[in-house]
Amino acid sequence: MPFPPSSEEKILAAGRHLCLVVRNGWEYVARCNAAGIVVILALTDHGGLVLVTQWREPAGAWVVELPAGLAGDLPGQEAEDLSAAARRELLEETGFTAAAFEPVLCGPPSPGISSETVTFFRARGLIRTGQGGGGVGERIRTHVVPLGRLEEWLERVQRLGLKVDPKVLAGAWLVRRA
């Protein structure tokens with residue numbers, strides 16, 4: 001959704017990253033200061049899916065996720081390319097770099113409440129070059145889980161009280177079919 005809003009849209013409240021908008025009587029959340037959202041499907045040469053866990057305050061829990069982040073949210077980089085954001089987020093969160101990034105799917109993850117669209121990128125040729133852990137204030141943990149044991153691993157971490165973002169399962173399906 002472009003900002004500033006069209007004549008049909010009205011911003012009810014705005015924060016640093018989110019806006020509450022009403023359009024045609026429908027209230028929803030929009031990203032105010034981002035060009036897009038990237039989700040990274042990173043599979044090592046040995047068949048390990050790269051995942052992260054981080055505390056998510058809205059969920060009130062540690063959540064298992066695919067590496068992901070905002071594009072265009074940094075000052076001076078408002079027009080950041082999605083593939084550049086995917087490259088930056090993968091390194092920042094996990095410490096991995098990739099030889100290539102390929103977009104594989106784009107769509108709205110929660111269309112009843114949000115206007116955001118996520119773009120999934122397949123990362124190929126992974127090399128661990130850094131520590132990861134996220135940016136300032138983030139406490140991201142990286143996990144490399146064998147794709148063949150993913151469901152078992154997810155069941156185990158759920159028993160420990162972690163929540164699983166459904167995009168992990170969608171991502172695993174996309175990786176398996178490529």
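Which residues are buried in α1? I'll start there, then move to the pocket and the other two helices. Keep in mind that this is a predicted model.

So, α1. The buried residues are A85, A86, R88, E89, L90, E93 and T94. What sits over them? The cover includes strands β4, β5 and β7. It also includes β8, residues 96-107, β9, residues 118-128, and β10, residues 141-146.

Now the length of α1. The helix has 13 residues, and at 1.5 Å a residue it should span 18 Å. Its end C-alpha atoms are 18 Å apart, which agrees. After α1 comes G95. Its phi is positive, near 85°.

Next, the largest pocket. How much space lies in it? About 1,500 Å³. The lining is made of 42 residues. Nearest the centre of the pocket are R31, Q54, R56, E65 and L70.

Which element gives the largest share of that lining? It is α1 again, with 4 residues. Several strands supply at least two residues each, among them β3 at 26-31, β4 at 36-42 and β5 at 48-56. β6 at 61-65, β7 at 68-71 and β11 at 163-164 also supply at least two each. By class, the lining has 20 nonpolar, 16 charged and 6 polar residues.

On to α2, residues 150-159. Here L150, W153, L154 and V157 are buried. Why do they lie on the same side of α2? They cover an arc of only 100° around the axis, and that puts them on one side. The general rule is familiar: an α-helix has 3.6 residues a turn, so residues three or four places apart point the same way.

And the cover for those buried residues of α2? It includes strands β5, β6, β10 and β11. Helix α3, residues 167-177, is included as well. Note that β5 is listed here and in the cover of α1. α2 is followed by G161, with a positive phi near 105°.

Last, one residue in α3: A170. Is A170 buried or partly exposed? Partly exposed, because its relative accessible area is 34%, and buried means under 20%. A170 also gives us a long-range pair. Its partner is L41, 129 residues away in sequence. In space, the two C-alpha atoms are 10.0 Å apart. L41 falls within β4, which spans 36-42.

To close, back to α1: it gives the largest share of the pocket lining, and β4, β5 and β7 are among the elements that cover its buried residues.

Terms used:
Residues numbered from 1 in each chain as written. Predicted model: local features only at pLDDT ≥ 70, side-chain atom pairs only at ≥ 80, totals over all residues. Heavy atoms only, no water. 1 Å grid on protein atoms, 1.4 Å probe; cavity = no way out; pocket = protein on both sides within 12 Å on 5 of 7 lines; lining within 4 Å. Points joined across faces, edges and corners; volume = space filled by probe spheres on them. Nonpolar A, V, L, I, M, F, W, Y, C, P; charged D, E, K, R; others polar. Expected span 1.5 Å × (residues − 1). Buried < 20%, exposed > 50% of the residue type's maximum accessible area, 1.4 Å probe, protein only. Contact = heavy atoms within 4.5 Å. Arc of directions from axis to C-beta.
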